[in-house]
Amino acid sequence: MFKALDQGGEATARVAALSHDQMLRDSAIAPAADGGKTGKPGALARWKHGLERWCHDVEIAPDLACDIGSRRWFRGLATMLALGTVAFAMVPDFSAVEAATPLVDRSRDEYRSQTISPLALGADSGRHMGASPLVRPLAKVPERPSIQLVSTLGQGDGFGRMLERVGVGGADLEQITRLVSAAVPVDDLASGTRFDITMGQRPAPGAPRALASMDFRARFDLDLSVERGPGGLALVRHPIHVDQTPLRIRGSVGSSLYRSARNAGAPVGAIQDYLRAIDKYLSLEGDIASQDQFDLVVAYKRSAKGEREVGELLYAGLEHGGKPKLQLLRWGKSGEMIASSALTQARGAPGGAPVAGRVTSSYGKRRHPILGFVRMHAGIDYGARYGSPIYAVADGVVNFAGRHGGHGNYVRLGHGGGLDTGYGHMSRIAVSRGTRVKAGQVIGYVGSTGLSTGPHLHFEAYRGGRTIDPSGLRFVSRPRIDGKEKDAFRARLNAMLEVQPGEALSPIDAPVAAQADAMREIDRLAPAAGE
């Protein structure tokens, strides 16, 4: 038997096949019930034997590397695809499994605060640990001996309401208001004033805290302190040394007076006041050359604490070739800019521009942009932005203010001597009939009412009831300073001219009293010892 199995080739394959068949037949025969006789195979055994026989004969899983394209090969491919489909159908779901409920930031911080982790992280959660049954509440919690607060006086706020908000009681509130009012009116305290307040202990449980001290800036030159001493609240004044040397700025006009003044360090408000003042006497376009020198002096305050405060324009001058061409000084209770020529005799001065804009149409005949035919244009049109202020070119009285046909909203001023000026197409009128106005005063605002194609000012002039060209209009400036004020005016003018440019920017000198107090006793005795 073993020799037959050891032989190679087809004989070996047949022997193996016969042995296998014989083994299947022997195993498929079920033993008889009586144990001695051979019985017939069962139904399950017969079905299994038939299935195995079919799989052996059909060969449903052949080697796909052989006989490519044959029926046997396609049968194996079908088996592979079927088994692959079954495998993919049984792939498990890879969706995330929720292990715990997610926490939002606030809940996570609350959870951390109840654990020991804040101690390891330096208690960065900022919350207290959860109290355990061993924690007993205190019967009485001690208060802080003092509280430091900073309060700011808001727009439309009151001094008393501000103190009530920080917790000052009624008795202290009344006394503090009385003390501060003795130094400065509490209604004059500027909005934005900062108060450094220290509140002391309560005089009794449940009572408001007592004010210990309060410091604030009452004026540009004064600090105030309210301090509590043995005798109660007291006011302490702290004067601040203030230098009031005016700021003088000079320079060449160059290509632009405004830009040159800004480059020289002049404040914007002071430049606007300067241009508005000289515009009443000189034409900004034709009477000022690039070689001219502008000169302006502005009120200026400096405190020892470093604050700066720019005031109004005090002097406006213009020089040509080293000689004064125009000198204007703020004078009188009304604060007008008066020319130095008012000390001598009356003079003629051209009327200033009534609005900040450019000339779009001159005096003379033209084709009307709306009516479409040629007719007389009895004035000058200035193109300007809607709502720009319109100024009176000279002192006068309002003869008419209201709606006036094609002029729309219209104002007419009488300047005496049969000379009148008119201002048309206003969006809004700022004066009423019979009002006396001064040169440079706002009388209305640019608009496009009446026969108008856009926002502009129609400016016209009348002499004896007939229109004239406003471009050649000149007004007589008469002396407005009497003999008693001439000397004071000249002295004030000379004081402005003696101010050195940039002198106000030099270091502030300490007060004489402070210097004397700062000197040591040994320094005082040193000169005497040497004698």
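In this predicted model, strands E9 and E10 make a hairpin with two residues between them, and Gly321 in the turn takes a positive phi of about 65°. The two strands of this hairpin run antiparallel and are joined by six bridges, with E10 covering residues 323-331. One facing pair across this hairpin is Leu318 and Leu326, the latter sitting in E10.

E9 also has a partner on its N-terminal side in the numbering: E8 (residues 293-303) and E9 (residues 308-320) run antiparallel too, this time with nine bridges. These strands form a hairpin as well, with four residues between them, and the turn again holds a glycine with positive phi, Gly306 at about 105°. Close to that turn in the numbering, Arg302 has Arg308 of E9 as its bridge partner.

Ser303 belongs to strand E8. How exposed or buried is Ser303? With a relative accessibility of 1%, it counts as buried, because the cut-off for that label is under 20%. The Ser303 side chain has a polar contact to the side chain of Glu307, at 2.4 Å. Leaving out residues up to four places away in sequence, Ser303 touches Arg217, Phe220, Ile240, His241, Val242, Arg308 and Ile508.

The hairpin strands also feed the largest nonpolar core. This core counts 26 residues, and the ones touching the most other members are Tyr274, Ile278, Phe294, Leu296, Leu318 and Leu328. Leu318, then, is both the residue opposite Leu326 and one of those well-connected core members. At least two core residues come from each of E7 (247-252), H9 (257-263), H10 (268-278), E8, E9, E10 and E11 (336-339). Which element gives the largest share of this core? That is H10, with five residues. As a general backdrop, nonpolar side chains in soluble globular proteins tend to be buried together.

Ile278 is a handy place to look at the packing in detail. With residues up to four places away in sequence not counted, Ile278 touches Leu257, Leu284, Ile288, Ala316, Leu326 and Leu328. Apart from this core lies another one, made of 24 residues, among them Phe195, Met199, Leu222 and Leu233.

Moving to the helices, H4 spans residues 71-89, which is 19 residues, and stretches 27 Å from first C-alpha to last, close to the 27 Å expected at 1.5 Å a residue. Its buried residues are Trp73, Gly76 and Thr79. Viewed down the axis of H4, these buried residues fall within an arc of 120°, so they line one face of the helix. The general geometry is familiar: an α-helix has 3.6 residues a turn, so residues three or four places apart point the same way. On the other side of H4, the exposed residues are Arg71, Leu81, Thr85, Phe88 and Ala89.

The loop between H3 (43-58) and H4 holds Asp67. What is the phi of Asp67? It is near 50°, a positive value in a residue other than glycine. Asp67 counts as partly exposed, because its relative accessibility is 48%.

His425 offers another positive phi outside glycine, at about 65°. This residue sits in a strand, E20 (residues 419-429), whereas Asp67 is in a loop. His425 is buried, with a relative accessible area of 5%.

Gly414 is found in strand E19 (residues 409-414). Gly414 counts as buried, because its relative accessibility is 14%. Between the C-alpha atoms of Gly414 and Phe400 there are 9.2 Å, with the two residues 14 apart along the chain. Not counting neighbours within four places in sequence, Gly414 is in contact with Gly396, Val397, Asn399, Leu419 and Asp420. Of these, Leu419 and Asp420 carry numbers that fall in E20 (residues 419-429).

Zooming out to the whole protein, the model has 13 helices and 25 strands. Of its 531 residues, 31% count as buried. Among contacts with a separation of 6 or more, 56% come from residues 24 or more positions apart.

Key. Residues numbered from 1 in each chain as written. Predicted model: local features only at pLDDT ≥ 70, side-chain atom pairs only at ≥ 80, totals over all residues. Heavy atoms only, no water. Expected span 1.5 Å × (residues − 1). Buried < 20%, exposed > 50% of the residue type's maximum accessible area, 1.4 Å probe, protein only. Arc of directions from axis to C-beta. Pairing = 2+ DSSP bridges. Polar contact = N/O pair within 3.5 Å; in protein donor to acceptor, adjacent residues only side chain to side chain. Contact = heavy atoms within 4.5 Å. Core = buried A, V, L, I, M, F, W, Y, C linked by side-chain atoms within 4.5 Å.
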